[in-house]
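Dear colleague,

I am handing over the structure we spoke about, and I would be glad if you read the notes below with the model open beside them.

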Amino acid sequence: MASVITHPAVPLALAVALGSGRVPPALTAAACAASILPDVDSFGFWAGVPYRDLFGHRGFTHSLFFAALVAAAASCFARHVGASWRFTFLFVFVSAASHGLLDALTTGGLGVAFFSPFSNRRYFLPWRVIVVSPIGVGAFLSSWGLRVLRSELIWVWLPCAMFAGAGRAFRALLTASRSAMR
Ligand SMILES: [Zn+2]
């Protein structure tokens, strides 16, 4: 996996780029939770679930189908987060699905079962640039953890920050040009 602190970078970047008018804080919080949720399958390591199993790590909970289930559940609470159900579904779906995509960029473990439960085949993306994060806090507090954080800063946080900044600048330009035309 990419580390648990890095997965929310995607919903946070999207929320900053689109602005709080579009993405209310409650929806951002829900999407951040959805971006971490797939790693709930890590408990399978302790429960003896084999890695390659349907419910093994990077299996069903890392699939697009699971992301859609989470998004559908979140859209039931759309009114509470202050957005339309369609937008809530889309935003939470992209956030949950981004988890598997980031994991598919990592250097270790098995690939991601994007099409589970229909196929348990595991996939990586062609560019495996993110140093895989260890399972467990102990290993994370080591030189391995530092290498993980460094690669995630370069390959996740930096592009996300650039995307968020560009989106914000674009919105500011749009607002300025609109008020100039009035
Ligand atoms: Zn994961």
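Setting aside residues up to four places away in sequence, S75 touches W85, T88 and F89; please keep in mind while you look at these contacts that the model is a predicted one. S75 belongs to helix α4, and its relative accessibility is 14%, so with the limit for burial set at under 20% it counts as buried. A polar atom of the S75 side chain also lies 2.7 Å from the backbone oxygen of A72.

Turning to the helix as a whole, the buried residues of α4 are F66, A67, V70, A71, A74 and S75, and these buried residues pack against α2, α5 (78-81) and α6. The length of α4 can be checked as well: its twelve residues should span 16 Å at 1.5 Å a residue, and because its end C-alpha atoms are 16 Å apart, the two values agree.

Helix α4 (64-75) is also one of the elements that give two or more residues to the largest nonpolar core, the others being α1 (9-18), α2 (25-36), α6 (85-103) and α8 (143-181). That core holds 27 residues, of which L27, F91, V92, L102, V156 and C160 touch the most other members.

Which residues is V156 in contact with, leaving aside its neighbours within four places in sequence? The residues in question are T6, A9, L102, I130 and S151, and L102 is itself among the core residues that touch the most other members.

With kind regards

Terms used: Residues are numbered from 1 along each chain as its sequence is written. This is a predicted model: local features need pLDDT of at least 70, side-chain atom pairs count only at pLDDT 80 or more; totals for chains, interfaces and linings use all residues. Side-chain values use heavy atoms; hydrogens and water are left out. A nonpolar core is a set of buried Ala, Val, Leu, Ile, Met, Phe, Trp, Tyr and Cys residues joined through side-chain atoms within 4.5 Å. Buried means under 20% relative accessible area, exposed over 50%, partly exposed in between (1.4 Å probe, protein chains only). Helices (H or I, at least four residues) and strands (E, at least two) are DSSP runs, numbered from the N terminus. Contact means heavy atoms within 4.5 Å. The expected span of a helix is 1.5 Å times one less than its number of residues. A polar contact is a pair of N or O atoms within 3.5 Å; within protein, one must be able to donate a hydrogen and the other to accept it, and residues adjacent in sequence count only if both atoms are side-chain atoms.
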